[in-house]
Structures are given as C-alpha cells and as structure tokens.
Amino acid sequence: MSKKKVIFVAGAQYSGTTLLDTIIANDDHGFSCGEVKTYFYPYRPHHYAPDCGCANPDCTIWAEIKKQGQKNVYLSIFERFPEIDFIV
C-alpha cells in the first residue's frame with residue numbers, strides 16, 4: 001500500500017489554481033475536492049449546496065463527508081475511496 005498524501009494548491013483568484021488542481025487530480029489514483037473550507041464555512045450561495053463532480057443530482061458523498069467534521073475531512077475521503085492515493 002502506498003502512502004496517502006494531501007496536496008495543497010494555493011494562489012490568488014484567477015491564477016490557474018483550479019486548472020492545476022484538475023490536472024493533478026486527473027490521475028486514476030487522485031481525488032480533487034476543491035475548496036474544502038467552503039464546505040464548512042460557506043460564503044457564496046453555491047457553497048451551501050455544492051454539486052458533486054460525479055454529476056449525479058442525488059449524490060450524498062459530500063453530505064456524508066461533512067458529517068464526519070472538518071478535522072476528519074481527508075481521512076473520511078480516503079476511507080470512502082480506498083483506491084485513491086492522493087487528494088488535491
């Protein structure tokens with residue numbers, strides 16, 4: 001089993017961080033979770049009910065992960081998706 005990793009991408013608005021996140025997490029063993037802070041501290045209307053990237057309108061993954069709490073968000077993702085090796 002490989003070591004699980006969390007890769008943080010930071011930058012100013014419109015600097016390409018979303019594109020970099022998407023490119024890195026495009027690997028079969030990667031997972032992009034976007035701006036994790038907004039799941040727990042929403043400040044825009046679309047943060048209150050985020051869409052899942054799987055495109056299933058009935059998806060409950062983020063609701064389940066959010067229930068585990070902010071301190072456990074990455075651990076919860078790794079437990080939910082054991083096939084991934086890194087989170088961006």
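D21 is a buried acid (buried means under 20% relative accessible area, exposed over 50%, partly exposed in between, with a 1.4 Å probe and protein chains only) that has no salt bridge. A salt bridge here needs a side-chain nitrogen of Lys or Arg within 4 Å of a carboxyl oxygen of Asp or Glu, and the nearest side chain of opposite charge, R44, is 14 Å away. For charges, Lys and Arg count as positive and Asp and Glu as negative, while His and the chain ends are not counted.

Keep in mind that this is a predicted model, where local features need pLDDT of at least 70, side-chain atom pairs count only at pLDDT 80 or more, and totals for chains, interfaces and linings use all residues. Residues are numbered from 1 along each chain as its sequence is written, and side-chain values use heavy atoms, with hydrogens and water left out.

So what does D21 touch? Leaving aside residues up to four places away in sequence, D21 is in contact (heavy atoms within 4.5 Å) with S32, G34 and V88. D21 itself sits in helix α1, residues 17-25; helices (H or I, at least four residues) and strands (E, at least two) are DSSP runs, numbered from the N terminus.

Now for the sheet. It is open, with 3 strands in the order β1-β3-β2 and parallel pairing, where a pair takes at least two DSSP bridges. β1 (5-6) and β2 (30-31) are at the edges with a single partner strand each, so one side of each has no neighbour in the sheet. Between β2 and β3 (residues 86-87) there are 2 bridges, and F31 has I87 as its bridge partner in β3.

Finally, the loops. Y14, in the loop between β1 and α1, has a positive phi of about 60 degrees despite not being a glycine, and is exposed at 85% relative accessible area.
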